Every structure is written in C-alpha cells, then in structure tokens.
Amino acid sequence: MKQASEILQTLQEQFADKIIKSSQECIQPFAVVPPGAVAEICAFLKNDPGMAFDTLMCLSGVDYKGSKKEPERLEVVYHLFSMRHRHKIVLKVELPREDPALPTVEGVWAVANWHEREAYDMYGIHFDGHSDLRRILCPDDWVDYPLRKDYVQPESYRGMPAAAAKQFAQRAQEGEDLGTDPFSAG
Amino acid sequence: MQVEAYAGEEMVLNMGPQHPSTHGVLRLELETDGEIVRNVIPHIGYLHRCFEKHAEKVDYPGVIPFCDRMDYIASMNNSLGYALAVEKLMDLEVNERVKTLRVLMAELNRIASHLLSVGTYAMDIGSFTPFLHCFREREKILDLFEWLCGARLLYNYNWVGGVSHDIPDGFEAKTREFLGQFEPVIAELDKLLSYNKIFLERTANVGIISEEQALSHNVTGPNLRGSGIAWDLRREEPYCGYDTYDFEVPVGLGEYGPLGSCWDRYYVRVREMEQSLGLIRQALDRLPEGDVQEHIPRRVRPAKNEVYDRTETPRGELGYYVVSDGGLIPFRVKVKSPCFTVLSLLPAIARGGMVADIIAIIGSIDIVMGEIDR
C-alpha cells in the first residue's frame with residue numbers, strides 16, 4: 001500500500017512534463033493530466049507492478065460552467081483503486097466546453113466502455129478510439145447533452161410533451177379556476 | 001440493423017423491455033443461431049429518471065429520497081451511502097447509536113433484498129415454491145420497517161448526521177423474534193432449492209465470470225465473491241463501525257462446477273443472509289443510548305471540496321462522487337452503480353450459451369434497473 005503522496009511523486013518522476021498539477025489539500029488527492037496523455041498514464045498505472053491499479057472505480061464527467069469558485073471547463077474524473085495494494089488515486093482531465101475530446105481508456109479497463117458512453121451521453125465528451133460510442137441512457141435521437149449546466153429542456157420529444165406539467169398551486173396563482181374539488185374543476 | 005447481414009439460421013430476437021425475468025425494463029437484443037446466442041446487446045435507459053440532474057437542483061438533504069428510488073429494493077443501503085459521503089464532505093461524526101441503528105437497518109434490508117433476489121431467481125429457473133417462502137419472510141422485514149418509519153419500501157431513513165426515527169418500544173424484541181424464526185428458513189431454502197438437482201443443472205455450469213473479467217469490469221459485491229475473491233467493503237474499508245463486528249465474508253468455492261458460476265453467486269447470497277443475521281444480533285446486543293438526531297446540522301453546507309465514497313450494498317459497491325461548490329445544493333452528484341458495471345459484462349459471459357441460460361445469468365447477477373438507469 002502506497003500513500004497518495006508517494007503515487008503522485010512517482011507520477012511526477014515518470015511523466016514530469018505531463019502532470020499539469022497535483023493537489024493534496026483536498027480529501028482525496030488528485031493529479032491533473034493533459035487529454036493527450038491520459039491513456040498512456042492509465043496504462044502505466046495499471047501495468048506497473050508497484051502501482052497495479054486493476055480497477056476503475058468510477059469515471060465521471062463534471063461541467064464547471066456557472067461555478068463560483070472554479071474556471072469554466074468540462075472535466076473527466078477517474079477514480080482508480082488497486083485491489084492488490086489497496087491504494088487509491090484520482091486523475092482529472094480538463095477539457096474545453098467546445099468540442100471536448102480525449103482518448104479512451106477502454107483498452108486498459110473494460111468497464112470504461114459503458115462509463116465513457118455515459119459521459120458522452122450526458123456531456124458530449126468524445127472518447128477517441130472508443131469501439132462503440134453511442135448514447136446509453138437517453139434515446140439515440142435525443143438532442144443536446146442533459147447534464148451540461150446550460151442544458152435547456154425540450155418542449156416535446158417525438159410529439160410527446162416533455163416539459164413538466166404546471167403545479168396545482170402555480171395554476172391557482174395564475175388565476176385559473178380550479179373549482180373546489182377535483183371533480184368540479186373545469 | 002441490416003437484415004441481409006444474417007445468413008442461414010441466424011435471427012435477431014428482442015428480449016424485453018417488458019419481460020418478467022429481466023427484473024425491470026431491460027431490452028436485450030439477442031443474435032441467435034438456433035438456440036445458441038451469438039451476441040447480446042443490452043439496451044438500457046428505459047427507467048432513466050435524471051437522478052443526477054435532479055440532485056443539482058435540490059439541497060443536500062433533499063437528494064436522499066431520490067437515492068431511495070434508485071435501488072428501491074435496498075433503499076436503506078442506498079441512502080446510507082449518500083449520507084456517509086456528505087458527512088465525509090462536512091467532516092461530521094455521528095454518535096454510536098446512529099451508527100448501530102444504521103448497521104441494523106442496512107443488514108435487515110440486506111436480508112430483504114437477498115430474499116427477493118433468491119426468490120425471484122428460483123422463479124426464473126422454474127421453481128415457484130421458494131419464491132413464496134422468501135416473500136413471506138421479506139414481508140416481515142417490511143412490516144418492521146413500516147413500524148420504524150412509516151414506509152415499506154422507500155424509507156428516507158438515513159439523514160445527513162443522523163436517522164429520521166429512533167426505534168419504537170418493543171422493536172428490539174420483535175426483531176429478535178423475527179431472527180429466531182427466520183434462521184430455520186435458510187436451512188429450509190437449502191433443502192428446497194440450493195441442492196436441488198434441477199436447479200444445480202440449470203445454474204452450476206452457466207455464466208462463468210473469471211477473476212480477470214471481474215476485476216476489469218469492476219464487478220463487485222456477491223457477484224465478485226461468487227468468483228472466489230474475498231472482497232467486502234464492510235471489512236476492507238469499514239464504515240459505521242463494521243470493523244467492531246464479528247462476521248465472515250462468504251465466497252464461491254466452485255463446489256458444483258467451475259468457480260464463478262451462477263450457482264456460486266446464488267449461494268454467496270444465501271450464506272450472506274446468515275452473516276447478516278449475526279450482524280443484526282450483535283447490533284441489537286450493543287445498542288448504546290443516545291439521541292439519534294443529536295448531530296443533524298441545521299444547515300447542510302459543506303465547504304468547497306469533493307469526495308468519492310463507496311459502501312457495500314446488497315448488490316455490490318455503490319459509489320457517490322459528490323462535488324461541493326460551497327453552496328447549499330450539490331454541484332455534482334455522480335452515482336457509480338454496481339449493477340451498471342456488472343451488466344456491461346453480460347455480453348462477454350452470455351456469448352455462446354443457450355437462450356434459456358440468459359435468464360439464468362440475468363437472475364444470478366441480481367440487477368435492479370432503477371439503479372442502472374438512475
């Protein structure tokens with residue numbers, strides 16, 4: 001088992017110019033890596049016997065638009081765990097909100113296939129080299145990426161109304177005659 | 001899909017989305033050659049309710065009812081993971097009574113969840129009686145929960161910093177009574193189902209998950225332990241004081257066929273129910289005094305930070321990635337669902353098997369679509 005600081009140290013030595021920054025002040029220490037190097041670094045972390053990060057616990061997209069404390073960007077976060085050594089590390093990739101793209105890590109951990117599809121579906125992040133980059137939770141013909149902070153909910157989908165119905169209280173406030181019970185309403 | 005691409009006996013078969021043995025609305029596109037399955041393409045998302053989008057619109061405690069609705073079969077365990085993640089974010093320590101009650105409810109819910117899993121699995125395979133036995137027992141646990149917090153399925157019980165209700169008078173005695181009469185039911189289940197010849201034939205050589213596949217696909221929980229890996233977060237990364245309890249981690253042994261088969265996964269669940277019984281007894285024995293709402297913060301407002309926290313639910317490792325921006329509502333909540341990762345392995349283990357084996361495999365990995373689609 002290695003402490004996160006040791007892992008970050010090794011990464012710094014191995015990929016000196018490729019670690020943009022690392023932080024140990026937060027609860028779980030992380031390293032920020034450039035999009036181009038992520039597949040290479042992940043492969044190293046998995047195959048190096050001292051690291052042996054054999055599982056990808058979680059792959060998440062985050063949209064920092066509208067954050068009060070962080071600059072505007074998209075982020076892909078990899079939570080890695082080594083079952084052999086029982087240590088953890090977090091990798092982050094920062095991407096522009098326009099045309100975000102980075103290489104896939106599907107070849108390193110098979111589970112990344114579906115996680116990356118989800119990140120594509122929700123944030124529109126393109127994973128280059130992915131074998132099957134389709135939407136996963138939304139229908140194939142869904143427009144736009146729902147988890148982006150500036151997402152606007154569509155009025156309808158294939159002729160079906162998609163917007164939420166107005167709340168009862170709101171309708172009453174707008175002066176609609178709702179009657180005194182559900183049966184007498186107009 | 002191009003129909004011309006299929007020659008000879010091959011055909012495409014749609015299984016689901018409305019199918020009793022897909023355990024929810026899951027559609028599988030099967031490419032079959034006679035009875036042999038050449039490929040499986042799972043289509044998910046039919047139950048997508050935008051959990052992560054909702055979580056960015058309500059305050060921290062407001063997310064808990066949504067967590068309950070993800071894996072509606074083990075709601076206690078789902079909200080527990082979220083509550084622990086936010087507590088970690090706020091650096092909040094709860095008292096011993098809250099910890100013990102959380103363990104108690106999580107384990108009761110684990111038994112209820114495994115009973116449903118085992119019972120419906122038996123029914124998928126074609127054995128109807130064990131299902132009724134399991135549901136009869138599960139009902140008693142749901143009655144206990146109803147008495148505790150008024151809800152039978154979606155409890156909203158684990159709050160940030162505490163729990164919603166202390167146990168009512170007489171709850172402890174009733175729970176002990178349940179434990180006493182439930183224990184023989186497991187032996188009965190073994191006789192009725194586990195070593196049943198037909199059941200063994202249907203499950204013991206089917207759906208093998210190797211250790212390598214399990215790790216690469218991040219298969220967790222009973223599915224991982226079925227492949228012979230003794231990995232349980234309750235022991236490896238203890239939370240709620242699990243390290244002070246005495247329990248074993250059952251693993252698959254491959255007694256009836258190759259290791260990591262459907263039967264191994266099934267049997268791990270049965271053995272886990274026994275361990276949960278022991279955990280509940282220990283929790284009842286120690287139950288310390290205290291106020292269960294002592295540490296509930298008036299306002300949940302974590303400083304800018306982020307945390308990925310995982311707990312062991314009946315279905316495996318449930319992870320919450322919570323990002324705080326210093327505000328009253330979460331900036332981002334991402335859920336790593338254990339069923340999501342294990343379902344992504346389905347094509348690899350189902351290929352080359354029979355159509356009927358698909359049913360056996362889906363039942364054995366114990367998925368809940370509410371959690372996969374969120």
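In what order do the three strands of the open sheet in chain B that holds β8 stand? They run β8-β9-β10, with antiparallel pairing. This is a predicted model, in which local features need pLDDT of at least 70, side-chain atom pairs count only at pLDDT 80 or more, and totals for chains, interfaces and linings use all residues. Residues are numbered from 1 along each chain as its sequence is written, while chains are lettered from A and ligands numbered from 1 in the order in which they are written. Helices (H or I, at least four residues) and strands (E, at least two) are DSSP runs, numbered from the N terminus.

**The β8-β9-β10 sheet of chain B**

- The edges of this sheet are β8 (305–313) and β10 (332–336) of chain B; each has a single partner strand, so one side of each is left without a neighbour in the sheet. Two strands pair if DSSP finds at least two bridges between them.
- From one strand to the next, the twist averages 15°. Such angles run from 0 to 180 degrees between N-to-C directions, with axes as lines fitted to C-alpha atoms, for helices over the stretch in contact.
- Helix α3 (residues 75–90) of chain B packs on the sheet and touches β8 and β9 of chain B, its direction making about 150° with that of β8(B). Here, two residues are in contact if their C-beta atoms, placed from the backbone, lie within 7 Å.
- β8(B) and strand β9 (residues 316–324) of chain B run antiparallel and are joined by nine bridges. In this pairing, B:V307 stands opposite B:V322 in β9(B).

**The β1-β4-β5 sheet of chain B**

- Another open sheet of three strands has the order β1-β4-β5 in chain B, and its pairing is antiparallel.
- β1 (10–15) and β5 (36–43) of chain B stand at the edges with a single partner strand each, so one side of each is left without a neighbour in the sheet.
- The twist here averages 20° from one strand to the next.
- Seven bridges link strand β4 (residues 27–33) of chain B to β5(B) in the antiparallel sense. Look for B:R27, which stands opposite B:H43 in β5(B).
- Across β1, β4 and β5 of chain B lies helix α14 (residues 355–365) of chain B, running at about 145° to β4(B).

**Two buried helices of chain B**

- In α3(B), 14 of the 16 residues are buried, so this helix is largely enclosed by the rest of the structure. Buried means that 20 or more other C-beta atoms lie within 10 Å of the residue's own, with C-beta atoms placed from the backbone.
- α3(B) reaches 23 Å from its first C-alpha to its last, close to the 22 Å expected at 1.5 Å a residue. The expected span is 1.5 Å times one less than the number of residues.
- Just after α3(B) comes B:D91, with a positive phi of about 60°.
- Helix α4 (residues 96–125) of chain B is mostly covered, with 27 of its 30 residues buried. It is followed by B:G126, whose phi is positive, near 120°.

**Where chain A meets chain B**

- The contact takes 26 residues from chain A and 31 residues from chain B.
- On the side of chain A that touches chain B, β3(A) gives the most, with six residues.

**Confidence in chain A**

- Chain A averages a pLDDT (the predictor's confidence in each residue, from 0 to 100) of 85, and 97% of the residues score at least 70.

Definitions and conventions:
Buried ≥ 20, exposed ≤ 12 C-beta atoms within 10 Å, placed from the backbone.
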